[in-house]
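Notebook open, coffee poured. I wanted to look through this structure for its sheet and its nonpolar cores.

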Amino acid sequence: VRCWSNIPFITVPLSRAHGKSFAHRSELKHAKRIVVKLGSAVVTRGDECGLALGRLASIVEQVSMLQNQGREMMIVTSGAVAFGKQRLRHEILLSQSVRQALHSGQSQLKDVAIPVLEARACAAAGQSGLMALYEAMFTQYSICAAQILVTNLDFHDEQKRRNLNGTLHELLRMNIVPIINTNDAVVPPPEPNSDLQGVNVISVKDNDSLAARLAVEMKTDLLIVLSDVEGLFDSPPGSDDAKLIDIFYPGDQQSVTFGTKSRVGMGGMEAKVKAALWALQGGTSVVIANGTHPKISGHVITDIVEGKKVGTFFSEVKPAGPTVEQQAEMARAGGRTLAALQPEQRAEVIYRLADLLTDQREEILLANKKDLEEAENKGRLALPLLKRLSLSTSKLNSLAIGLRQIAASSQDSVGRVIRRTRIAKDLDLEQVTVPIGVLLVIFESRPDCLPQVSALAIASGNGLLLKGGKEAAHSNQILHHLTQEALSIHGVRDAVQLVNTREEVEDLCRLDKLIDLIIPRGSSQLVRNIQKAAKGIPVMGHSEGICHVYVDTDASVEKVTRIIRDSKCEYPAACNALETLLIHRDLLRTPLFDQIIDMLRVEQVKIHAGPRFASYLTFSPSEVKSLRTEYGDLECCIEVVDSVQEAVEHIHKYGSSHTDVIITENEQTAEFFLQHVDSACVFWNASTRFSDGYRFGLGAEVGISTSRIHARGPVGIEGLLTTKWLLRGDSHVVSDFSEHGSMKYLHESLPLPQRNAN
């Protein structure tokens with residue numbers, strides 16, 4: 001028998017056969033029966049007199065939502081003492097005020113002293129009001145609630161336990177939410193304490209233990225314990241080195257230091273952990289989370305059930321590898337070591353990786369074949385995505401060439417001096433390039449992205465976290481293994497990490513203390529989702545690739561069809577493929593226009609007519625639903641404009657600031673277009689497909705950015721660097737430069753050191 005709190009627990013619950021708790025957060029969405037335990041700090045107001053009505057209403061809304069999804073919800077609640085205290089204080093104040101007024105005969109009342117209120121009396125006064133409040137709130141969602149009061153002694157008597165179990169099962173069968181609380185009005189007197197000002201508090205540890213006991217007795221799938229802290233920390237919350245524990249495993253207690261108890265009640269984190277571990281042993285999954293934080297309390301319960309990374313999840317299954325947080329820390333440490341290497345050493349790593357791509361070609365293609373077969377069998381990928389997933393000998397050779405370009409161009413990337421200034425005599429300032437830190441690159445269906453991005457991170461001295469799509473799992477695994485093999489030649493294997501856990505992308509985007517930059521590589525929907533989910537971490541990328549080609553009146557007949565065919569048909573799934581073709585009005589019904597239409601038909605490109613283009617035609621193609629469409633396939637929109645100025649305005653209104661092209665022989669018109677189109681890449685008489693890091697001579701790219709801060713366009717090594725300032729002085733102080741000081745500012749520009757010619 002174990003005695004945690006003052007409730008005796010039997011090691012193996014008699015009324016429940018041994019069950020298995022969920023091993024991963026992602027499985028919590030399958031939870032059918034759920035207990036939500038509300039601690040005193042969650043239910044009560046900050047002044048500890050009365051209930052936090054807004055917070056309670058939000059919790060009821062979430063519980064109702066889950067109940068209406070067909071789940072069986074139960075609530076173990078505190079709050080009767082606080083609610084009763086509020087009511088009794090009001091009654092005492094009113095009574096004393098009336099007596100004082102009658103006694104003194106004066107309208108001016110003196111300060112009224114409030115006596116210490118006995119907790120059991122507070123509970124008796126508060127129970128009915130608390131339940132009435134719950135009933136009123138649940139009624140708004142057409143849900144009935146029922147109150148059950150228990151004491152510790154109810155668990156000692158086998159008959160009473162069976163009665164309680166039967167009552168709860170019957171309520172759940174009738175779709176009623178049981179509201180369970182300890183019957184604080186009749187429990188034995190607690191030891192005096194000052195946890196709630198003016199009240200001897202019933203031990204809240206009873207409710208933690210009660211929730212765990214009920215969860216196991218009722219064979220509950222999930223127990224959610226809400227308190228006033230984010231979860232379980234490896235040291236007391238608020239201390240400098242405290243880190244939230246994402247997953248807690250039995251046996252980890254030795255690595256945790258428990259702090260003080262909650263601001264209300266006696267239920268400290270140690271009691272919650274003991275209760276949680278007991279419930280876990282009985283087959284119930286447990287999450288401890290914050291139910292008071294204003295930014296998350298409105299969806300904390302539903303987030304937990306959806307499997308999001310909220311609070312601390314208790315699991316009996318310990319993964320073989322490190323957690324994603326540990327991987328991020330390893331990547332940062334490895335990145336710093338990488339940045340400290342000589343440029344030649346970083347280049348050696350990249351050259352080695354390039355060699356491995358060709359030397360291990362057969363193993364890579366075999367792994368890729370497995371991915372392709374699984375994707376085709378499951379039928380979950382469209383044809384354009386299958387093409388992205390596919391690797392070939394030619395692709396691997398091109399990758400190796402690109403990596404060697406990166407290695408050759410990376411010799412002076414990190415630590416390069418870009419500005420030197422003499423502030424004063426013997427006081428010199430330098431601005432030098434440094435890595436950004438830890439990059440998180442999330443990519444879909446493109447295993448060739450892994451060595452490209454890894455090489456750029458290595459060249460720029462950045463730590464790297466990679467999250468690939470599960471459709472490319474086999475390919476990513478071997479490519480990451482080869483990357484770490486290359487890194488091992490200089491002892492920096494950990495600098496590049498592949499996330500293999502069941503981490504949701506949204507959860508990764510919340511690691512703002514571990515990740516410095518997120519780079520999404522994939523569909524526009526993926527990029528938009530990441531931009532929305534990122535919490536305090538900048539995102540480099542573009543959500544759409546709506547690229548335009550404008551055909552001017554002075555366009556060359558020979559050039560037009562070549563450029564349009566290449567821009568649209570060479571790789572229609574690429575983000576730099578043509579999506580909207582703008583035609584000058586004077587070209588309509590000309591041989592050039594007919595050639596364009598004939599070429600698109602031969603290439604089987606489906607044409608959508610813009611509003612103006614459709615107005616010129618008797619029988620037009622299907623009119624476009626939106627001029628802001630990225631087709632990503634053999635489809636495009638054709639629209640008519642009156643001038644280059646109108647083409648520029650159309651691009652600014654409907655484009656995505658990615659890549660836009662003009663085809664013309666008129667240099668003045670071309671220069672107007674080049675100077676006025678506000679996109680990351682603007683071309684004259686060249687295919688949109690040139691918007692690419694490899695084709696720009698960057699060796700490769702981590703992506704194409706349409707943002708206006710830091711990097712723009714294809715992002716290579718330079719886009720993965722930031723700067724820091726180095727000031728070298730000799731006992732300099734600012735006071736020497738005051739009006740009557742002995743020194744003067746010079747602010748002289750100094751020549752930069754000679755760059756490596758190689």
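Below are my entries, sheet first and cores after.

**Entry 1: the model.** I noted before anything else that this is a predicted model.

**Entry 2: strand order.** I looked up an open sheet of 6 strands and wrote down its order as β19-β20-β18-β17-β21-β22, with parallel pairing. Which strands stand at the edges? They are β19 (606-609) and β22 (681-684); each has a single partner strand, so one side of each is left without a neighbour in the sheet. From one strand to the next, I get an average twist of 20°.

**Entry 3: around β20.** I followed β20 next, residues 635-641. It pairs with β18 (residues 578-584) in the parallel sense, over 5 bridges. For the register, I found Leu-582 with Glu-639 of β20 as its bridge partner, and Leu-581 standing opposite Ile-638. General reminder to self: in a regular strand the side chains alternate between the two faces of the sheet.

β19 also runs parallel to β20, and 4 bridges join the two. Here Lys-606 has Glu-635 in β20 as its bridge partner. Is β20 mostly covered or mostly open? Mostly covered: 6 of its 7 residues are buried.

**Entry 4: helices on the sheet.** I checked what packs on the strands. Helix α18 (residues 557-569) touches β17 (547-551), β18, β20 and β21 (659-663). Its direction makes about 155° with that of β18. Helix α22 (residues 667-676) lies across β17, β21 and β22, and I have α22 running at about 175° to β22.

**Entry 5: nonpolar cores.** How many residues does the largest nonpolar core have? I read off 51, and those with the most contacts inside it are Ile-350, Ile-364, Ile-406, Leu-464, Leu-466 and Val-702. Helix α14 (residues 449-460) gives the most to this core, with 8 residues.

I then picked Ile-350 for a closer look. Leaving out residues up to four places away in sequence, Ile-350 touches Leu-403, Ile-406, Ala-407, Ser-410, Ala-455, Ile-458 and Ala-459. Ile-406 is thus on both of my lists, as a contact of Ile-350 and as one of the residues with the most contacts inside the core.

There is also a second, separate core of 38 residues, and I noted Leu-38, Phe-138, Ala-145 and Val-177 among them. The general tendency, for soluble globular proteins, is that nonpolar side chains are buried together.

Key: Residues numbered from 1 in each chain as written. Predicted model: local features only at pLDDT ≥ 70, side-chain atom pairs only at ≥ 80, totals over all residues. Heavy atoms only, no water. Pairing = 2+ DSSP bridges. Axes fitted to C-alpha atoms, helices over the stretch in contact; angles between N-to-C directions. Contact = heavy atoms within 4.5 Å. Core = buried A, V, L, I, M, F, W, Y, C linked by side-chain atoms within 4.5 Å. Buried < 20%, exposed > 50% of the residue type's maximum accessible area, 1.4 Å probe, protein only.
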